[in-house]
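Let's take a walk through this one, from the whole chain down to a single strand. Have the sequence and the model open as you read.

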Amino acid sequence: MNEKKTMLSGIQPSGDLHLGNYLGPLRHWPEMIESYDCFFFMADMHTITVRQDPAQLRKRTLTQIAQYIACGLDPEKCTIFVQSHVPAHAQLGWVLDCYTMFGELSRMTQFKDKSAKHAENINAGLFTYPVLMAADILIYQPDYVPVGEDQRQHVEICRDIAERFNGIYGDVFRVPEPYIAKVGARIKSLNAPDAKMSKSMPEGCVFLMEKPEDIMRKFKRAVTDSDTERCVRYAPEEKPGVSNLVQIYAAATGKSFEEIEAEFDGQGYGKFKPAVGEAVVETLRPIREKTERLLADKAYLEGVYRAGAEKAGYAAEKTLRKVYKKIGFLPR
Ligand code: TYM
């Protein structure tokens, strides 16, 4: 009997992985593989809600697999796979579409944001995206879903869908909890600290594979606050720019906010910004180097994602069969 709890999470290979992805969820995943049954995937099916260059998408998907491993995910100890390699996600997604209401999907803030950004392509997939995400999750019956703060609403709707389904058919799905870190779950853009760090604003975004000198330049130019006090202090309402840097420094070094405030007491922002840059460079250096090494061995990476698809497919099929049976589909 398997006593371990299950965790699952994914990231879209729609751009290069960035510091928000890393400091928010990804850096916590390796700690989890020892005590949980973990599934980590490349959410490639989600990326096509926005137009993608096919060759780039393939390349990024493979790079992201290498980055997961480089960040500390041992493929022997967890399941690493590509979403589109496990058809049961889409199959369950369709079923759950029929148990999700138009009104609840209309309230999703990410749908509102993305349809404002991509007004020329407000496709049905963009609208039903949270249902596919619910399927990604529920099909593995996880206890926890480690994500950044911006995905909380999607995990909440997943719980609502699961509860609605269970209410009709009995206990089919485990209702998972979001797992959101206290520090790092909401990293902001370096040049616009009112917006989250995202690849769509590359100047304020630090990418995992970026060169150290480019990272340093971005941190030196990071927007700080125009208050007169000019001291390093964590106060997100009053000092969003500096607080974002404090948060990044805390996540990168493991120091507490108080320790950081004491370390830079009386020093102003001029010393602080490069120090944050250096801490980030040193955090990312081994990840970048290991990713580069892994990318040189395509056969190894293929082996990882093939084995991952086998394992994930086995678990996913089990839930799908149960769901099909409950709703009355004739078994093959
Ligand atoms: P995605 O690909 O936009 O982001 C991947 C993960 O990174 C987190 N994140 C951040 N955390 C802190 N600060 C930031 N600035 C920041 N930006 C992104 C996100 O919260 C996320 O955890 N829908 C998901 C992918 C997905 C998924 C799933 C996740 C598809 N199916 C099932 C979990 C379970 C997404 O678009 O995340």
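For charges, Lys and Arg count as positive and Asp and Glu as negative, while His and the chain ends are left uncounted; each charge is placed at NZ of Lys, CZ of Arg, CG of Asp or CD of Glu. On that basis, the chain has 45 positive and 45 negative charges, and their mean positions lie 3 Å apart.

A word on where this comes from: the model is predicted, with local features needing pLDDT of at least 70 and side-chain atom pairs pLDDT 80 or more, while totals for chains, interfaces and linings use all residues. Residues are numbered from 1 along each chain as its sequence is written, and side-chain values use heavy atoms, without hydrogens and water.

Now the overall build. You'll find 14 helices and five strands in the chain (DSSP runs numbered from the N terminus: H or I of at least four residues, E of at least two). The radius of gyration is 21 Å, close to the 20 Å from the globule rule for 332 residues, so the chain is as compact as a globular protein of that length (C-alpha atoms; the rule is 2.2 Å times the number of residues to the power 0.38). Along the principal axes, the C-alpha atoms fill a box of roughly 70 × 45 × 45 Å. Of the 332 residues, 53% are buried, meaning under 20% relative accessible area with a 1.4 Å probe, protein chains only.

Zoom in on strand β3, residues 79-82: Thr79 and Phe81 point one way, Ile80 and Val82 the other, and all are buried. Side chains in a regular strand alternate between the two faces of the sheet. Strand β2 (residues 36-42) runs parallel to β3, joined to it by four bridges (pairing takes at least two DSSP bridges). Phe39 has Thr79 in β3 as its bridge partner.

Methods: Buried means under 20% relative accessible area, exposed over 50%, partly exposed in between (1.4 Å probe, protein chains only).
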